[in-house]
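User: I am new to this structure and would like a close look at a single part. Could you take me slowly through one core, the sheet beside it and the aromatic rings found there?

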Amino acid sequence: MLALDIGGTKVAWGLVRVRARRLSASQRGSVPTSAWEGGPEVARRVTELARRLVADNPGVDGVGVASAGVVDPASGAIVSATGTMPGWAGTPLGAALAEATGRPVAVLNDVHAHGLGEAVLGAGRGFGTVLSFAVGTGLGGALVHHGSVFQGDHHIAGHFGHVHHHFAPDMECSCGRSGHIEAFCSGSGIVRWYNSLRGGADPQARDGRGLQELADGGNALAATCFERSGYALGEAVASLSNCVDPGAVVLSGSMTKSGPRWWDALRLGYAAGAMTPLAGVPLLPGALGGDAPLLGAALEFLSREQ
């Protein structure tokens, strides 16, 4: 089958083979999303890409899609989306892809797909209930229970970045509210936080990589930001774990590459907040990398075809 991962920066694709209940992605590729051109143009390019790939690979029997935005899984339409991709909300993505390819289509939110891939085929394999966190430019996630993503009545379950935290009462979140952990636990958030706190002796950080270099180079404020951000996220992970009782927590994204300082703080925060029966729940780095949303989209397609 064809799997697509539509993000704000790029549209990745892969051909996914199913053999003896094992999935593997091959012949991967990607094209720029060019999100600033607007949702209708992005949809046109995505459907043309899918049409061409299916024409070149006539054995493709379906299309699984991981897409940015809130997705109505029944229709594959984009219910709502952020300003990162103007005009993406309202796009009848599933119907457009089905018409372009002549194949059945299943559409899932990209972070949900990522969590599903990791839970079933990646770091969370073998656990019944998995909490998945994507800690990158933003902060999202998924709750996967026995191979199914919990979506909620409005299809937005997994917006873990919008949990309140006492470190951030006056920090504005991407959603427009204040006090959410995304405001200082995400990659973009921690950079803004550092820059808002720095003194004259602290150089400005342009991005997460630059902030990481400052921390590794001995800048005390940068190191503290990573430690406090990791600890706070650990507390939030513990609170959510107390609510849903996972067998494992999987964390992926650029922030998870911040090194032992961040991971140690995360585990300390988790230990401080987790109930005693959950103290031993493993906090695991994701194992699938960029294949996670592609494989998750394929899994979702297969589950609907059964």
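Analyst: What follows goes through one nonpolar core, then a sheet, and then some aromatic rings.

The model is a predicted one, and every value below is computed from it. The largest nonpolar core has 43 residues, and those with the most contacts inside it are Phe133, Phe184, Leu233 and Leu251. Several elements give two or more residues to this core, including the strands β8 (129–135), β9 (139–145) and β11 (248–252), together with the helices α4 (182–185), α5 (187–197), α6 (208–216), α7 (220–244) and α8 (260–273). The largest share, eleven residues, comes from α7.

Three of the strands just named, β8, β9 and β11, also belong to an open sheet of five strands, whose order is β10-β9-β8-β11-β12 and whose pairing is mixed. At its edges stand β10 (148–149) and β12 (283–285), each of which pairs on one side only. Further in, β8 and β11 run parallel and are joined by five bridges; to follow this pairing at the level of residues, one can start from Leu131, whose bridge partner in β11 is Val249. Helix α7, the element with the largest share of the core, packs on this sheet and touches β8, β9, β11 and β12, with a direction that makes about 155° with that of β8. Another helix, α3 (residues 110–121), lies across β8, β9, β10 and β11 and runs at about 50° to β9.

Phe133 is a useful residue on which to centre the view. It lies in strand β8, and at 1% relative accessibility it counts as buried, because that value falls under the 20% cut-off. Leaving aside residues up to four places away in sequence, Phe133 touches Leu139, Gly140, Gly141, Phe160, Val237, Leu240, Val249, Val250, Leu251 and Ser252. Val249 on that list is the residue already met as the bridge partner of Leu131, while Leu251 is, like Phe133 itself, among the residues with the most contacts inside the core.

The contact with Phe160 leads to the aromatic rings, of which the structure holds four pairs. In one of these pairs, the ring centres of Phe133 and Phe160 are 4.8 Å apart and the ring planes stand at 40°, so the pair is tilted. This pair links distant parts of the chain, since Phe160 sits in the loop between β10 and α4, 27 residues from Phe133. At 9% relative accessibility, Phe160 also counts as buried.

A further pair is formed by Phe184 and Trp193, which is edge-to-face, with 5.1 Å from centre to centre and 70° between the planes. Both Phe184 and Trp193 are buried, and Phe184 is another of the residues with the most contacts inside the core. Together with Phe167, these two residues form one aromatic cluster. Over the face of Phe167 lies Arg228, at 4.2 Å from the ring centre, so that a charge sits over this ring, the cut-off for the distance being 6 Å.

To gather the view once more, Phe133 is a buried residue of strand β8, and its tilted ring pair with Phe160 can be set beside the cluster of Phe167, Phe184 and Trp193.

Definitions and conventions: Residues are numbered from 1 along each chain as its sequence is written. This is a predicted model: local features need pLDDT of at least 70, side-chain atom pairs count only at pLDDT 80 or more; totals for chains, interfaces and linings use all residues. Side-chain values use heavy atoms; hydrogens and water are left out. Contact means heavy atoms within 4.5 Å. Axes are lines fitted to C-alpha atoms, for helices over the stretch in contact, and angles run from 0 to 180 degrees between N-to-C directions. Helices (H or I, at least four residues) and strands (E, at least two) are DSSP runs, numbered from the N terminus. A nonpolar core is a set of buried Ala, Val, Leu, Ile, Met, Phe, Trp, Tyr and Cys residues joined through side-chain atoms within 4.5 Å. Buried means under 20% relative accessible area, exposed over 50%, partly exposed in between (1.4 Å probe, protein chains only). Two strands pair if DSSP finds at least two bridges between them. Rings of Phe, Tyr and Trp (its six-membered ring) pair if their centres lie within 6.5 Å; planes under 30 degrees apart count as stacked, over 60 as edge-to-face and the rest as tilted. A charge sits over a ring if NZ of Lys or CZ of Arg is within 6 Å of the ring centre and within 35 degrees of the ring normal.
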